[in-house]
Structures are given as C-alpha cells and as structure tokens.
Amino acid sequence: MLFFPKPVEQVRVYYTQSIHCLFTMSPLCKMQVYSRLPKRGCIFLLLAVFVFISMIYVMDILEFQKKINTTYIIPYPRAAIVTQPVDIHYNFCKLKPLSPEETLEEQLLLESIAWPETPSLPSPLFMNSSSDPAHSTFTILPRKREGQWQIGDKLEALIKIYDLMGRTKKYGGDVLLARLHNPTLGAGVAGQVVDHLNGSYSAVFSLLWEGSAQVEVTLVHPSEAVTELRRVDIEEPDRIYFKSQFRSSLLTRTTTCNVCLRPTQPVCNYTDLRTGEPWFCYKPANMSCDTRMSNYNGGYKASLTTMEKLFQSRVNMKVSIPASGPASVTVLPKQKGQSEVSSSSVESEPSGYYYQGVWRALGGTTVHQFNTSSAITQCLKGKLVHMYGDSTMRQWFEYLNAALPDLKEFNLHSRKSIGPLTALDYANNIFVRYRTHGPPLRTVIVPSMELHYIANELDNVLGGSNTVVVFGIWAHFDNFPIGFYIRRLMTIRSAVVRLLSRAPGTVVVIRTGNPKPYTILGAFVNSDWYTFQRLKALKAIFKGLNVHLVDAWEMVLAHHLPHLMHPQPPIIKNMINVLLSYICPPKGG
C-alpha cells in the first residue's frame, strides 16, 4: 500500500475527485473544477486523465487476453450490448448456468436417457451398410408357457435389422416404433422397444383386449441417420433462426435472433431477469437494443447435410418392417388359475390403450367419458383454467371453446396463433385462458412484449382447489441442444414447486410431445428421435411431483390415425377426457 505526505495527499485527492468529476459530465461540477485549478493545472489534469485512461486500456487488454475464450452475459434491467469473443468451434450457444446440484442432476439425466453409440459415417457415404427396412424383419416369439395367449400376458416380438446388402447389422441405435392394434375393435397400445446393441431388438406389448392383436413395427431412422442427426445438433444448433424488428422514429431495421448466435458482431442481451432464460439478437446498426418491437420465425438453413440418402421417405424413414411369419395373435380371456406371461426385457407398463376408440388409462386415475357439453361444464364449473405452451396446447383451448356453447371467447385483438386467448362462461363461473410460451417460437410476427415465459406466468397464479394449470412445451425445442430444453423444464419445475407450496390444491397437468410426419428438412427440425429424447427428459424432471401427465406420445402412437403434429379430433377428444378426469376424478377412480 502507498502512503502520501499530507500536502501531496491533498493534491492526489483533489485531482482524483477532479478526474471523477470530469467523467460524470456534469457542467456545474466541471465549472467548479476549472475555477479551482492553479496555474498550469489544466495541463496537469489533462496529463492525469491521459495516464488514467491508458492504465485502464492496458488492464482491459491484459484481461481480454486472459479471458479471450469466455463469453460474458450480464443481465441488466434493460437490454445490454454484449460483444462476443472469436469463434470457439460450435460452442456458441449461451445456455442458462446451473447450480452444482442442477449440474449433477443434468449429468445423471443425460446418462439415463443416453442413446446407444452409432457408427461414424464415411465420406462419400456408402449406403450398403445402412439399415434397410425392406430386408429387416420381426418375428412374434412363442408363448413362454404352454397354452394360448390371454389377456394380461406380455407378447414379445424379435426385430432383426439388416443392411441394404441383406447382411445382419452388428450394432444398435436404430429408431423404432412399435404398436399392437385391432382396427375392427378400435384397439391399440404402444409397444416398448429394447435395443440389444447387436442389430436385434425386442418389442414388448401388453395384451389388453380379447380377439385379434396385430403387431406393427416401423423404422423411423436407421442408426446411421442418428449419427447425422447428432452431428447437426452439435454443429448447427442455429439451423432455425428468428428475426426481430427494431424501430426508432422513422428508422426500421431487422436482425437475427436466437439462443445460439455465432459470435460475428455485437448482440443485444434479452435474458429474462426472473428466470435467467437466455435470448439474444444481433444489435441493429446505430439503434438501441430497447427499440425491439417484434419477434418472428426467420427461416431454416439450407444444405444442412450431404447425407440425404439416409432420410428418404418410403425408403428408410418411417417405413414399416415386414413380419417373417404371422404378424398377429389371438388373445383369449384370462383363464382362472393360469398365471400371466411376463417379460424380462421391460419392467414398466404402457400409460394406457385404446378400446373401441376410447382411451383407457393403466394405473392412476380412471378416465371418465365427458361426451356432452353439460358433462364438461359440470366438471369445469367454478374453475379457472390456465393453459400455456405451443400450438398443440392451443388445440385444447379451441376444443373446449367449440364444445361448450356457453363458453364465450373475448376478442382481445390478439393473433389466434399466439394469444392471449380468453373465454368465459359467466353463468357457470368458468374461465379458460391460453398463452403461448416464450422464445424460441417458430411462428408469425408477435409483439416482443407478448413473449412470456411459463415460469413467470405460474408465479403470477394464485392457485387453489378451483385452479387448473395445464402446459405443453416441446415442439419448438427439438432443434436446440437438449441441455437448453432441460434448463427450461427445470425453471418451470421450480415455478410448479412454488405454486404447489402456496396452493397445494392446484391441479397441474402436463401434455407431452407426440410423433409426427416430416420430410428430410423436417427431420433436422422435428425428428421423432429428438422428440423422444426430450419426452424422456420431461418425465424424469417432473417425476415425484404432484403433477399429472397426458402421454400424447403413446396416445398418438397407439391410435390408427396418422401421426400429425396436431393430432386429429378423435385423439384430442380422448386427451381432453384424460385432462377432465384429472380435474374431476370419478368416484372411486
């Protein structure tokens, strides 16, 4: 530490205060400084300012050299400009920081949902060793005990994957879907697929109805395609980009926005102060970050892959695998005194199944049929229903709005695809509200002030026995690193825990993602493999909480209707029945 003699110390303090005063840019302060300066004081003061600035500049250079590979994101009450460092090889997604406990949880979660290793791809690509559904087969294995199949048994089908040359594959990692169904009975249940890591798989089904049960196995992606999906996920996390419009007086500019922005220019930091959820836009030239007006989907990157042959519809993407023998069995009623046939391959049960077109849950709440508007009204009477999420959640709002003649929607002059949407049945005291989730959001132009995060919305819900909270958030996250989705779910989970702590009687329901169709471009945006990985993460993160799941994945997979991003009305009706059964559980259910 340095010590100064008293006269020198007074001069030092005076000039330090003077320099500070000059930097405050106060005219009155400057006038006082100049009036008090001795002869040649101005020259000395200017020299002091020069030395002071030079020292700061040198320190900044040293600090920058020391931390050149670090991205600093400092949330402010208003948008802040953040200058990014040089390219750090694809590691440009600025994810929300985690606590040590959350870091450990994320690590364990990623390990629990890890997909088997898939082969590296040669360039140029040789398709001969790629999985081929036309050569592959499945075989229904015989019943382990004597006798015929009966309700309650576990049916197992062995799936053998072959390549284009008809050779047995020696490794796993293929993406397969399996279903057991009877079109005449309107029955269906999702199968559980087990990867044996050697080119063979087991599809296990619960036998839940009497009569014929037909096995159906679909190759969604060959394992080689998963390798490419993984590569694109790492190297092109910004393959979908967004735009924001900035406006100030007569000046209007548009820039690119994302949570994954390549460090090529200064950015505006729109990280949410309450949740810590990150979002950034390139700063418009000569404009403030505070002039952002709107957000919308900017588009898709072209030429993401040179491996197009791995993603061919009707060839190796979402193609049925034929049976090597009978594809169906006949199921008899359960016989007294005869034990059920179980499976050593899987331990968990499906969440439910269809019979006569009606979804029946397995375990938990019995699903009641709300077939009339009066039945739905009676269930929702006196209820506040808050819905948050993407357009698959908006479907539920639209279903209730159409099914209940006394539920009248208010015209809030907001976009139907975004909301907020509000409907009220005044006589029965029913309030239903929908709002979309915060970014990322692939949609039409939406005012930036309407971008609300679900966690913040939940913190504003009073809650109670008359309150229902429903959310579904998945479709806009498939093309981002799974760590981004995990963090968003953790943030929402914290808000759910706070809600249930202050209002334990609140009913919380979560809608999962579902399988859907797509082309080669869609595979890199909404692949069922991406969705399935995030489905497993969602179930793990909310496990143990007093929340209810509507398993849209199994409800779409088990149904005979085609897979759509927005399921058709018969499936939506069954989903609403599950939702209402959670709100108004049948007596004894």
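**View 1. The hairpin of β16 and β17 in the predicted model.** Two residues sit between the strands of this hairpin. Glutamine 356 takes a positive phi there, near 55°. Strand β16 covers residues 352–355, and strand β17 covers residues 358–361. The two run antiparallel and are joined by four bridges. Tyrosine 355 has valine 358 of β17 standing opposite.

**View 2. An open sheet of four strands.** The order of the strands is β2-β3-β7-β6. Their pairing is antiparallel. Which strands form the edges? They are β2 (131–140) and β6 (192–195), and each pairs on one side only. On average, neighbouring strands of the sheet are turned by 25° against each other, direction ignored. In a regular strand, side chains alternate between the two faces of the sheet.

**View 3. The pairing of β2 with β3.** Strand β3 spans residues 154–163. Six bridges link β2 and β3 in the antiparallel sense. At one of the bridges, threonine 139 has leucine 158 in β3 as its partner.

**View 4. Helix α13, residues 569–583.** The helix has 15 residues. At 1.5 Å a residue, they should span 21 Å. The C-alpha atoms at the two ends are 21 Å apart, so the model agrees with that expected span. Is α13 mostly covered or mostly uncovered? It is mostly covered, with twelve of the 15 residues buried. Among the buried residues are Ile571, Ile572, Asn574, Met575 and Ile576. Asn577, Val578, Leu579 and Leu580 are also buried. So are Ser581, Tyr582 and Ile583.

**View 5. A stacked pair of phenylalanines.** The structure holds eleven aromatic pairs. One of them is formed by phenylalanine 242 and phenylalanine 480. Their ring centres are 6.4 Å apart, with 10° between the planes. Phenylalanine 242 lies in strand β9 (residues 240–248). Phenylalanine 480 lies in the loop between β23 (467–472) and α9 (482–502). The pair therefore ties together parts that are 238 residues apart in sequence. Both phenylalanine 242 and phenylalanine 480 are buried.

**View 6. A tilted pair, tryptophan 529 and tyrosine 530.** The centres of these two rings are 5.5 Å apart, and the planes are at 50°. Tryptophan 529 has 6% relative accessibility, so it counts as buried. Tyrosine 530 is buried too, with a relative accessible area of 1%.

**View 7. A cluster of aromatic rings.** Which residues do the ring pairs link? The cluster holds Phe242, Trp279, Phe477, Phe480, Phe484 and Tyr485. Phe242 and Phe480 are the stacked pair of View 5.

**View 8. The stretch of residues 1–90 and the chain around it.** Over residues 1–90, pLDDT stays under 50. For this stretch the model has 78 contacts beyond four places in sequence. Across the chain, the mean pLDDT is 86, and 83% of the residues reach 70 or more. The chain contains 13 helices and 25 strands. It has 589 residues, of which 50% count as buried. Among contacts in the chain with a separation of 6 or more, 75% are between residues 24 or more positions apart.

Notes: Residues numbered from 1 in each chain as written. Predicted model: local features only at pLDDT ≥ 70, side-chain atom pairs only at ≥ 80, totals over all residues. Heavy atoms only, no water. Pairing = 2+ DSSP bridges. pLDDT = per-residue confidence, 0-100. Contact = heavy atoms within 4.5 Å. Axes fitted to C-alpha atoms, helices over the stretch in contact; angles between N-to-C directions. Expected span 1.5 Å × (residues − 1). Buried < 20%, exposed > 50% of the residue type's maximum accessible area, 1.4 Å probe, protein only. Phe/Tyr/Trp six-rings, centres within 6.5 Å; stacked < 30°, edge-to-face > 60°.
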